[in-house]
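Subject: Structure for you to look at

Hello,

I am passing on a structure that you have not worked with before. Please open it first, then read the notes underneath.

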Amino acid sequence: MSRDTTKLHPILQEKLALLKSKCAAQGLKIGVSECMRTVAEQDALYAKGRTAPGSIVTKARGSSYSSMHQWGTAFDFYRNDGKGAYYDEDGFFAKVGRIGQSIGLEWGGSWTSFQDTPHFQLPNWGSTTKKLKNLYGAPSKFMATWKDLDKREGDEVVDLDGQLVNLFRCIKYHAAELERQMDFMLTSRQTFYDVRSCNGMQGFTDIQRAAQFYYLIKISFGSDIRSFGCCKKNLPSAVERLKAVQERLAAVLIEQKDFAKLIQSYDNPKALFYCDPPYHGTEKYYTEQFSQEDHVRLCECLSQIKGRFILSYNDDDYIRELYKNFRIEAVSRNHNLVSRKGENKRFNELIICNF
């Protein structure tokens, strides 16, 4: 069985690198024990506890392409700190599992019927191989599409903390349960801060995490998920509308990496990038950090692309100077965060592009 991570799906390779980095930052050393499996290797595992000695370790037959490992969309990890590859008295695998979930991976330890704590996989095609088999028939045909990932004409969205992926996955596969989870969640200050205090904590299911994240987005001021918005919202109706959003996102790839690497990966003469970075001077109000150097780095990156870009910013002297070599159009819109009934406050923005 292969440990060659280069045989994994390109997106999974990137998430694996991010997982290792985040785990290392928390003192959790992991190694990769299994990546790709052949039909014979998967069938041999399936035979354990059935027609061969040992305990049952999988429900997936190799001859039916029923394991995500055969499709290059899964890997198994082990503990690599000298305490034993699968020693777990201190909850090591749950800690790694939560980190993996936070960056948009599906963790086998969250499964209810057959927990597989050393296992991660991409959730893009569901929890089983059914969709992959319907779309491609065999792993070889699926893998043949990987070489075109950087060249395809499609839509990509960046999701830095993995919560967006989890939310839309739950809308797609568990919409009814998500709606039930949000039943009786009141638009109240106390409920908001109770939910906020739980956001990111351990022990919640994917559906519970999705409900919490969506509630905070809808109820918070300016969707900052930190401060109470003081505005009544119809949450069940909002969840229902998200189904239409999910349909729009069905063919959209949600990425999770630095903007410069993402732009470099997808840049081609036909590409169009829309960038909406944190407004200059207001970075402290955003969950993810964006520094002065990042503003400069974004400008330098966009200056070198082969494709086109559209960039939206606040009307700021520093930004005007930074992008003085590009076309800049000043616009204004309603200031939704401060407007009240009977008022018409406007907010000035810049639309910047290279065409």
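In these notes, contact means heavy atoms within 4.5 Å. The model is a predicted one.

Helix α1

I began with α1, which covers residues 10-25. Its 16 residues should span 22 Å at 1.5 Å a residue, and the end C-alpha atoms lie 23 Å apart, which agrees.

Which residues of α1 are buried? They are I11, L12, K15, L16, L19 and C23. These buried residues sit on the same side of α1, because the arc they cover around the axis is only 135 degrees. The spacing fits a general rule: an α-helix has 3.6 residues a turn, so residues three or four places apart point the same way. On the other side of α1, A24 and A25 are exposed.

What covers the buried residues of α1? The cover includes four strands and a helix that you can find by number: β1 (30-34), β2 (74-79), β4 (119-121) and β6 (252-255), together with α3 (92-102). Just after α1 comes G27, with a positive phi of about 75 degrees.

The open sheet

Further along the chain, the strands β7, β8, β10 and β9 form, in that order, an open sheet of four strands with mixed pairing. Its edge strands are β7 (272-275) and β9 (327-334), each of which pairs on one side only. From one strand to the next, the twist averages 20 degrees.

How do β7 and β8 pair? Strand β8 takes in residues 308-314, and its pairing with β7 is parallel, over four bridges. Within β8, L311 is the residue that stands opposite C275. Helix α11 (residues 292-303) lies across both β7 and β8, and runs at about 155 degrees to β8.

Cysteines

How many disulfides are there? The count comes to zero, where a disulfide is a pair of cysteine sulfur atoms within 2.5 Å. C275 is in no disulfide: the nearest cysteine sulfur belongs to C301 and is 8.0 Å away.

Are C23 and C275 buried or exposed? Buried means under 20% relative accessible area. C23 has 0% relative accessibility and therefore counts as buried. C275 has 12%, so C275 counts as buried too.

Regards

Notes
Residues are numbered from 1 along each chain as its sequence is written. This is a predicted model: local features need pLDDT of at least 70, side-chain atom pairs count only at pLDDT 80 or more; totals for chains, interfaces and linings use all residues. Side-chain values use heavy atoms; hydrogens and water are left out. Two strands pair if DSSP finds at least two bridges between them. Helices (H or I, at least four residues) and strands (E, at least two) are DSSP runs, numbered from the N terminus. Axes are lines fitted to C-alpha atoms, for helices over the stretch in contact, and angles run from 0 to 180 degrees between N-to-C directions. The expected span of a helix is 1.5 Å times one less than its number of residues. Buried means under 20% relative accessible area, exposed over 50%, partly exposed in between (1.4 Å probe, protein chains only). The arc is that of the directions from the helix axis to the C-beta atoms.
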